[in-house]
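Got the viewer open and a selection tool to hand? Let's walk through this one stop by stop, picking residues as we go.

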Amino acid sequence: MVAISMSAGAVARIRFAVSCLWEVAASVRVLRDPGDHAVHLPWIRRVRPPLVEAGLIEADGGLLWQLVPARPGYLADFLTPPPAGLNPDLAAELAALRATPADTVRAHLDLYPGDRTPALATLYADPPGGLRRLCEEIEAYWRIALAPHWPRLRLLLDADVTARARLLAEDGAAVLLNDLHGQVRWEDDTLVVAQRHCLAPDVADGPGLVLVPSVFVWPSVASVSAGDAPQLAYPARGLGTLWEPSNGVQDALAVVLGRGRARLLTELTGPVSNTELARRSGMSPAGVSQHLTALRAAGLVVTHRRGRSLLSARTDLAEALLSATA
């Protein structure tokens, strides 16, 4: 249990932010312990194979995998620098992560239990070099696990912020804070969070508390993290139907693209091989290849080679089209 006293000025400066790095850290925890995150099982089944193939998760994994423990467990606060606002920018957040002072990195690593793995020992010895490698891993993880789904996730996060901002405007900060999660309550000018691994100090002055809605932190709150702007990540509303297939989207696209191409576009949730697309869609490999050629010509799909496989993924234009028909 953590109790954080907040001055009236700090309460007045409560703000919302959406963060790419929070979703990275929280989603790695989901992959570490999928049994506690049944709502995300469709996502897990889609992204785990390519993440394992890339060496980013399981076995020894990389720095990211080793820094993010299963819940409960301490998560280094430098992984989630305070996000700037409601327009998440992975590049900007990674720049802030790379700029973490070496003493801060070492102080947070000192809080991990047990002996350090070789990768963590290298990060401890050379924080600037280790942070550069960590950011490269995060970029690779983002491309595979989160970028293909980001338009859908972003819609849900934005909707949560809109609803809670209205609650704040209509009923005030106390009602807002008591509505966030069962582990969070506001009483006697104190924010009480039922969470063990937390370094948050009292918030008397400064920028105030940052409230970060998250898709993958469910079913708990993630953390109240230390730093210039303490943060509280909480589950966004509307997660129950997040990964349900949208027949309406596919039907709407089918009018424009044809049913086969619409089916393939909705199945392209990450870099996927023709063989896997054929398995998912029930089409022949030749049919998949023909449809992908048309989708590439329309600027909706890009294809690149990885080893002996050709992997296809949706473009930003395709993501915008899918979001518009959702």
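Start by selecting tryptophan 43. Leaving out residues up to four places away in sequence, Trp43 touches Ser27, Val30, Leu31, Tyr141, Ala145, Leu146, His149, Phe216 and Trp243. Keep in mind that you're looking at a predicted model.

Which residues have the most contacts inside the largest nonpolar core? Trp43 is one of them, along with Phe78, Leu134, Tyr141 and Leu211, and the core itself has 79 residues. Now color helix α8, residues 127-146: with 10 residues, α8 gives the most to this core. There's another core lying apart from the largest one, and it has 17 residues. To find that other core, select Leu265, Leu268, Ala278 and Val301, which are among its members.

Zoom out for a moment and show the whole chain as a cartoon. You should be able to trace 15 helices and 10 strands. Of the 326 residues in the chain, 51% count as buried. Switch on the surface, too: the accessible surface comes to about 14500 Å², and 54% of that belongs to carbon and sulfur atoms. As for how the chain comes together, take the contacts between residues at least 6 apart in sequence: 68% of them join residues at least 24 apart.

Next stop: strand β5, residues 210-214. Is β5 mostly covered or mostly open? It's mostly covered, as 5 of its 5 residues are buried. Show the side chains and look at which way they go. Val210, Val212 and Ser214 point one way from β5, while Leu211 and Pro213 point the other way. That fits a general pattern: in a regular strand the side chains alternate between the two faces of the sheet.

Now bring in the partners of β5. Strand β2, residues 15-16, pairs with β5 in the parallel sense over 2 bridges. Select phenylalanine 16 and you'll find it opposite leucine 211. Strand β7, residues 231-235, also runs parallel to β5, and 5 bridges join the two. Here, the residue to pick is valine 212, which stands opposite alanine 233 in β7.

Follow the chain out of β5 into the loop between β5 and β6 (224-225), where you'll come to proline 219. Check the peptide bond from tryptophan 218 to proline 219: this bond is cis, with omega near 10 degrees. As a rule, most peptide bonds are trans.

Time to move on to the open sheet. In what order do its 3 strands sit? The order is β8-β10-β9, and the pairing is antiparallel. Strands β8 (272-273) and β9 (301-306) stand at the edges with a single partner strand each, so one side of each has no neighbour in the sheet.

Go through the pairings one at a time. On one side, β8 is joined to β10 by 2 bridges, and serine 273 stands opposite leucine 311. On the other, β9 pairs with β10 (residues 309-314) over 6 bridges. For two examples from that second pairing, select threonine 303, whose bridge partner is serine 312, and arginine 306, which stands opposite serine 309.

Look at the turn as well. β9 and β10 form a hairpin with 2 residues between them, and glycine 307 in the turn has a positive phi of about 65 degrees. Then add helix α14, residues 285-297, which lies across β9 and β10 and runs at about 120 degrees to β9.

From here, select glutamate 267, in helix α12 (residues 259-267). Glu267 counts as buried because its relative accessible area is 13%, which is under the 20% cut-off. Beyond its neighbours within four places in sequence, Glu267 is in contact with Arg46, Val272, Leu277 and Arg280. Try a distance label to arginine 314: Glu267 and Arg314 are 47 residues apart in sequence, and their C-alpha atoms are 9.6 Å apart in space.

Last stop: the cysteines. Select cysteine 20, which is buried with a relative accessible area of 2%. Cysteine 135 is buried too, with a relative accessible area of 1%. How many disulfides are there in the model? The count is 0, taking a disulfide as a pair of cysteine sulfur atoms within 2.5 Å.

Key
Residues numbered from 1 in each chain as written. Predicted model: local features only at pLDDT ≥ 70, side-chain atom pairs only at ≥ 80, totals over all residues. Heavy atoms only, no water. Core = buried A, V, L, I, M, F, W, Y, C linked by side-chain atoms within 4.5 Å. Buried < 20%, exposed > 50% of the residue type's maximum accessible area, 1.4 Å probe, protein only. Helix = DSSP H or I, 4+ residues; strand = E, 2+ residues; numbered from the N terminus. Contact = heavy atoms within 4.5 Å. Areas by Shrake-Rupley, 256 points an atom, 1.4 Å probe, with all protein chains shown as cover. Pairing = 2+ DSSP bridges. Axes fitted to C-alpha atoms, helices over the stretch in contact; angles between N-to-C directions.
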